[in-house]
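Colleague: I am new to this structure and should be grateful for a close look at its first helix and the packing around it. Please then continue to the points of the backbone and side chains that deserve attention.

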Amino acid sequence: MTIQRLAVCDDDPTMVASICRMLKTNPVTAQAQVTTAQSGEELLQQLALDTLEVALLDMEMKTLNGIETGRRLKAVNPEILLIFITGHGDYALQAYEIESFQYLMKPVSEERLSLVMEQAARRLAERRLFNSRQMLMRLQTREQMVQVPYDQVLFIEKKLRKLTVYTVTEGYEC
């Protein structure tokens, strides 16, 4: 379980450097490609935001705050895990409203960051596993067992004791 692409965005360069240092020593994130930014605008101008897996965002930045930055990241990449970093607990409800993954209080400890990164890696691994499996409907016709992808099913018709599954290409009587 590893995280491959993540971003750290904080208007305090020492905080960005500190978090990056901790990420490099964490087995879950040591090999990750890390994008850094000191403002929400700077982060949003970076290329390939749609491939980011995790974003660590400071809540209080000068022009574009962490919530708005997170909202815009989610618009580009709905699957991104947002982790907010702040010295205040006042933003928890707003963070929840945009489906944040976690909330870290400053100062960020290495142990807490490590735990949250492990949780994020686990969530990403679960998503990868789920997305890699094609969801199939198994149908027993008179002649054979057929597997049909759910996304190919148009509708199912039931007449008395007979069930017919209509797909994009054909119908199967069961």
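Modeller: The account below begins with the helix and proceeds to the cores, the cysteines, the backbone and the aromatic rings.

The model is predicted, so local features need pLDDT of at least 70 and side-chain atom pairs count only at pLDDT 80 or more, whereas totals for chains, interfaces and linings use all residues. Residues are numbered from 1 along each chain as its sequence is written, and side-chain values use heavy atoms, with hydrogens and water left out.

Helix α1 covers residues 13–25, which is 13 residues. Helices (H or I, at least four residues) and strands (E, at least two) are DSSP runs, numbered from the N terminus. From first C-alpha to last, α1 reaches 19 Å, close to the 18 Å expected at 1.5 Å a residue; the expected span is 1.5 Å times one less than the number of residues.

Met 15, Val 16, Ile 19, Cys 20, Met 22 and Leu 23 are the buried residues of α1. Seen down the helix axis, these buried residues fall within an arc of 160 degrees, so they line one face of α1; the arc is that of the directions from the axis to the C-beta atoms. Buried means under 20% relative accessible area, exposed over 50%, and partly exposed in between (1.4 Å probe, protein chains only). On the face turned away from the buried side, α1 carries the exposed residues Thr 14, Arg 21, Lys 24 and Thr 25.

The largest nonpolar core has 25 residues, of which Ile 3, Val 54, Leu 56, Leu 113 and Met 117 touch the most other members. Helix α1 is among the elements that give two or more residues to this core, together with β1 (5–9), β3 (54–58), β4 (81–86) and α5 (110–132). A nonpolar core is a set of buried Ala, Val, Leu, Ile, Met, Phe, Trp, Tyr and Cys residues joined through side-chain atoms within 4.5 Å. Leaving aside neighbours within four places in sequence, Val 54 is in contact (heavy atoms within 4.5 Å) with residues including Ile 3, Leu 6, Ile 83, Met 117 and Leu 124. A second, separate core of 18 residues includes Leu 43, Met 59, Met 61 and Tyr 103.

The count of disulfides (pairs of cysteine sulfur atoms within 2.5 Å) is 0. For Cys 9, the closest cysteine sulfur is that of Cys 20, at 11 Å, which is too far for a bond. Cys 9 is buried, at 1% relative accessible area, while Cys 174 is partly exposed, at 33%.

Most residues other than glycine have a negative phi, and most peptide bonds are trans. A cis peptide bond, with omega about -5 degrees, joins Lys 106 and Pro 107; Pro 107 lies in the loop between β5 (102–105) and α5. Glu 99 has a positive phi, near 60 degrees, and is placed in the loop between α4 (92–97) and β5. Leu 160 also has a positive phi, near 50 degrees, in the loop between β8 (153–159) and β9 (162–167). Glu 99 is exposed, at 60%, as is Leu 160, at 80%.

The structure holds 1 aromatic pair. The ring centres of Phe 155 and Tyr 166 are 4.6 Å apart and their planes lie at 25 degrees, so the pair is stacked. Phe 155 lies in strand β8 and Tyr 166 in strand β9, so the pair ties together parts that are 11 residues apart in sequence. Rings of Phe, Tyr and Trp (its six-membered ring) pair if their centres lie within 6.5 Å; planes under 30 degrees apart count as stacked, over 60 as edge-to-face and the rest as tilted.
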